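Trainee: I'd love to take a close look at one part of this model with you. Could we pick a single helix, go round it, and then see what sits beside it?

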Amino acid sequence: MSSENDRPAPPTTSASIVVLTLARKVETELNAALAPLDLTVSRLGLLGHIAAMPGTSFSELARMSGITVQSVHAAVKALAGAGLVRDNTARAGSASAIEITPEGARLMERARAAVAAVDERLFGEAADPIQRQVGDTIRAAFGGFSR
């Protein structure tokens with residue numbers, strides 16, 4: 001039989017592990033909320049970059065997204081096939097000028113609503129107090145974000 005004093009101390013909390021664990025939870029929740037829109041967090045990120053920077057290039061998208069140019073080409077081709085973006089390349093060999101379509105913009109609005117619902121569920125008034133504090137800290141650090 002052991003007493004409480006015989007138990008080892010709990011491990012030191014790692015901020016990296018806590019953030020990684022929370023990030024996985026957030027990504028899982030976001031992907032579930034975006035699935036009915038036929039979006040993933042990655043596709044939403046690309047659409048967001050394209051919407052924020054009309055005329056952006058494949059290279060710029062790759063840098064902003066942290067993925068290869070080849071991966072961006074494949075993703076943009078899929079988004080274009082779905083009618084969400086278009087590449088206004090004047091001719092073969094010229095720089096691309098990718099922009100969101102009206103259909104893509106409408107989808108972005110629906111996605112923003114889905115993201116807001118996840119934000120409220122994970123970081124809003126009814127959320128776990130620690131997660132609420134994390135959300136408040138993030139909003140304070142980056143300013144201008146509101147619930």
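Trainee: Let's take α6. Which residue follows α6, and is its phi positive or negative? Please carry on from there to the rest of the helix and its surroundings.

Mentor: Happily! The residue after α6 is G143, and its phi is positive, near 55°. Before we go on, a word on the source: this is a predicted model, in which local features need pLDDT of at least 70 and side-chain atom pairs count only at pLDDT 80 or more, while totals for chains, interfaces and linings use all residues. Residues are numbered from 1 along each chain as its sequence is written, and side-chain values use heavy atoms, with hydrogens and water left out.

Now the helix itself. α6 covers residues 129-142, and its 14 residues reach 20 Å from the first C-alpha to the last, close to the 20 Å expected at 1.5 Å a residue. That expected span is 1.5 Å times one less than the number of residues in the helix. Helices here are DSSP runs of H or I with at least four residues, strands are runs of E with at least two, and both are numbered from the N terminus. At the start of α6, a side-chain oxygen of D128 comes within 2.9 Å of the backbone nitrogen of I130.

Next, the two sides of α6. Its buried residues are Q131, G135 and R139. Down the axis of α6 they fall within an arc of 75°, so they line one face of the helix; the arc is that of the directions from the helix axis to the C-beta atoms. It helps to recall that an α-helix has 3.6 residues a turn, so residues three or four places apart point the same way. On the face turned away from the buried side, P129, I130, Q133, A140 and A141 are exposed. Buried means under 20% relative accessible area and exposed over 50%, with partly exposed in between, using a 1.4 Å probe and protein chains only.

What covers the buried side? The cover includes α1 (15-34) and α5 (102-123), so let's follow the chain to those neighbours with the whole fold in mind. The chain has six helices and two strands, running α-α-α-α-β-β-α-α from the N terminus. Buried residues make up 25% of its 147 residues.

Past α1, the loop between α1 and α2 (41-52) holds D38. Phi of D38 is near 60°, a positive value in a residue other than glycine. Most residues other than glycine have a negative phi. D38 is exposed, at 57% relative accessibility.

Then comes α2, with 12 residues reaching 16 Å from first C-alpha to last, close to the 16 Å expected at 1.5 Å a residue. Its buried residues are L44, L46, L47 and I50. Their arc around the axis is within 160°, so they line one face of α2, whereas S42 and A52 are exposed on the other side. The buried residues of α2 pack against α1, α3, α4, β1, β2 and α5.

L47 takes us to the largest nonpolar core, of 21 residues, in which L39, L47 and V76 touch the most other members. Such a core is a set of buried Ala, Val, Leu, Ile, Met, Phe, Trp, Tyr and Cys residues joined through side-chain atoms within 4.5 Å. The elements giving two or more residues to it are α2, α3 (58-65), α4 (69-81), β2 (98-100) and α5. Apart from this core lies another, of six residues, among them L22, L30, L122 and F123. Not counting residues up to four places away in sequence, L39 touches N31, L34, L44, L47, L107 and A111; contact means heavy atoms within 4.5 Å.

From α4, L79 is worth a look. L79 is buried, at 0% relative accessibility. Setting aside neighbours within four places in sequence, L79 contacts R43, L46, L47, L84 and V85.

One last stop is α3, where F58, L61 and A62 are buried. These three cover an arc of only 100° around the axis, which puts them on the same side of α3. Just after α3, G66 has a positive phi of about 70°, so to speak an echo of G143, whose phi after α6 is positive too.

Notes. A polar contact is a pair of N or O atoms within 3.5 Å; within protein, one must be able to donate a hydrogen and the other to accept it, and residues adjacent in sequence count only if both atoms are side-chain atoms.
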